[in-house]
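Subject: Structure handover

Hello,

Here is the structure I promised to pass on. My notes on what turned up in it follow below.

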Amino acid sequence: MIEKTINYFDISQIINSGQCFRMGKKENNTYFVIAGDKYLEISQVGKQCSFYCTEQEFKNFWEHYFDLDTEYEGYRKCINPRDAYLMNAAEFGSGIRILNQDLWEMIVSFLISQQNNIVRIRKCIQNISETYGEKKQTEDGRVYYAFPEAEALAGLEEDELKKCNLGYRSKYVVRTARSVVNGEISLSQISEMPYKKAKEELLKLFGVGEKVADCICLFALHQTAAFPVDTHINQALKRHYPKGFPKRRYKGCEGIMQQYIFYYELLGKE
DNA sequence: TGCCAGGCTGATA
DNA sequence: TATCAGCCTGGC
C-alpha cells in the first residue's frame, strides 16, 4: 500500500466528472478503478490517500494515470477573478484531475457515450469487457475483466455488440476496431500528434464526431486544449458566456475549465 | 405511452 | 452548406 498526501485530488469528484466509466465506490471512503487490464483500490480521507498497489506499480502506472505530477492550483489561479461562475465551478470541482487513460479504451467508451446516459454507458462497457475482455484476478481473488483489444472486436458482425446493449453504436465500435486492426489508423501515431492533427485523424473514424473526438483528445491524449461541447456544456455556455467562452485567456487549458464547468453543471446545482 | 439521454450519419434541399 | 430524420434502449 502506498500512502500519499495529495492536494487538489478527490477521487469521488473524478468518478463523477464523467471521464472514466470503470471507476466506482466500494464502501465509505474506498473506491475501485479498472484501467485497461489493471485493477486498483483507493481509500481517501481529505488529502490522505491510500493506493493499494506496489510502489513499482504506483510509480510506473497510477501516478501518471491520475496526473499526480501536475500542479492543478496553477490552473485555478489563472481564472479571471471577475468570472464568478467559473471561479465557483473551479472551487466546487477543485479535486478533479484529467486522467491519462488508454486511447483505444477511450475511443470505444466515447463512441458508446453518444445519446446515452452514464449508468447505461457503464453497463455497456462492463458487458463488452466481460464478453470480449480477458478475465483477470487480483492477488486477493477478486475477478475483473480487462478492456477488450481492438482485435477482439474487429472480427465481429456489425450488429454483434447489440447483445451488449450498444444499440446502433454497435456498428461504430466494430468498424472502428477494424480500422485500427487493418492499419487504416495508427493509435501510436495519433498519440504523438498535436491536438488539431490528432483530432483530425480521430474524425476519420466511423461514429466519431466533434464532441467524441474532443473527449478522446482530452481524456486519453491529455490534450488539455480540447474543449468537448455536449448538451450540458452547450446550455452552460448559452447561459453564462453568450458571447462565447474566453478560450484565448485559457489557451492550452480549456479542457480543464470544461471539466470544472461540466462537473458544476452536473452536481453543483441544488 | 412517449420522451429523453454526455451525437453521429446520411439523405435532402 | 445547413437541416433533419433515424438510430438502440432503459428509466421516468
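Gly46 has a positive phi near 60 degrees. Gly46 belongs to the hairpin of E4 and E5, where two residues lie between the strands. Keep in mind that this is a predicted model.

The strands on either side of that turn are E4, residues 38–45, and E5, residues 48–51. E4 and E5 are antiparallel and share four bridges. Ser43 sits opposite Ser50 of E5.

E5 has another partner. E1 runs antiparallel to E5, and four bridges join them. Within that pairing, Thr5 has Gln48 of E5 as its bridge partner.

Now the other hairpin. E2 connects to E3 through two residues. E3 covers residues 30–35, and its pairing with E2 is antiparallel over four bridges. There, Gly24 is bridged to Phe32 of E3.

Put together, these strands make an open sheet of five, in the order E1-E5-E4-E3-E2, with antiparallel pairing. Which strands stand at the edges? They are E1 (2–5) and E2 (23–27). Each has a single partner strand, so one side of each is left without a neighbour in the sheet. From one strand to the next, the twist averages 25 degrees.

Next, the pocket, which may be of interest for your work. The largest pocket holds about 520 Å³ of space. Its lining consists of 25 residues. Nearest the centre are Ser113, Asn116, Lys211, Asp230 and Phe262. By class, the lining has 13 polar, nine nonpolar and three charged residues.

Where does the lining come from? These helices each supply at least two residues:

- H5, residues 103–113
- H6, residues 118–132
- H11, residues 210–219
- H12, residues 231–240
- H13, residues 254–267

Which helix gives the most to the lining? That is H11, with five residues.

Why does the largest pocket lie between domain 1 and domain 2? Domain 1 spans 2–92 and domain 2 spans 103–219. Both give residues to the lining, so the pocket lies between them.

One item from the records. An unreviewed UniProt entry places the feature "domain: HhH-GPD" at residues 112–266. In the model, that span is 52% helix and 4% strand. The C-alpha atoms at its two ends are 20 Å apart.

If you open only one view, I would start at the pocket. Lys211 and Asp230 are among the residues nearest its centre. Then turn to the sheet and follow the order from E1 to E2.

Best wishes

Technical notes: Residues numbered from 1 in each chain as written. Chains lettered and ligands numbered in written order. Predicted model: local features only at pLDDT ≥ 70, side-chain atom pairs only at ≥ 80, totals over all residues. Heavy atoms only, no water. UniProt positions renumbered as here; feature names shortened; annotations may be inferred. 1 Å grid on protein atoms, 1.4 Å probe; cavity = no way out; pocket = protein on both sides within 12 Å on 5 of 7 lines; lining within 4 Å. Points joined across faces, edges and corners; volume = space filled by probe spheres on them. Nonpolar A, V, L, I, M, F, W, Y, C, P; charged D, E, K, R; others polar. Domains from an automatic or database assignment. Pairing = 2+ DSSP bridges. Axes fitted to C-alpha atoms, helices over the stretch in contact; angles between N-to-C directions.
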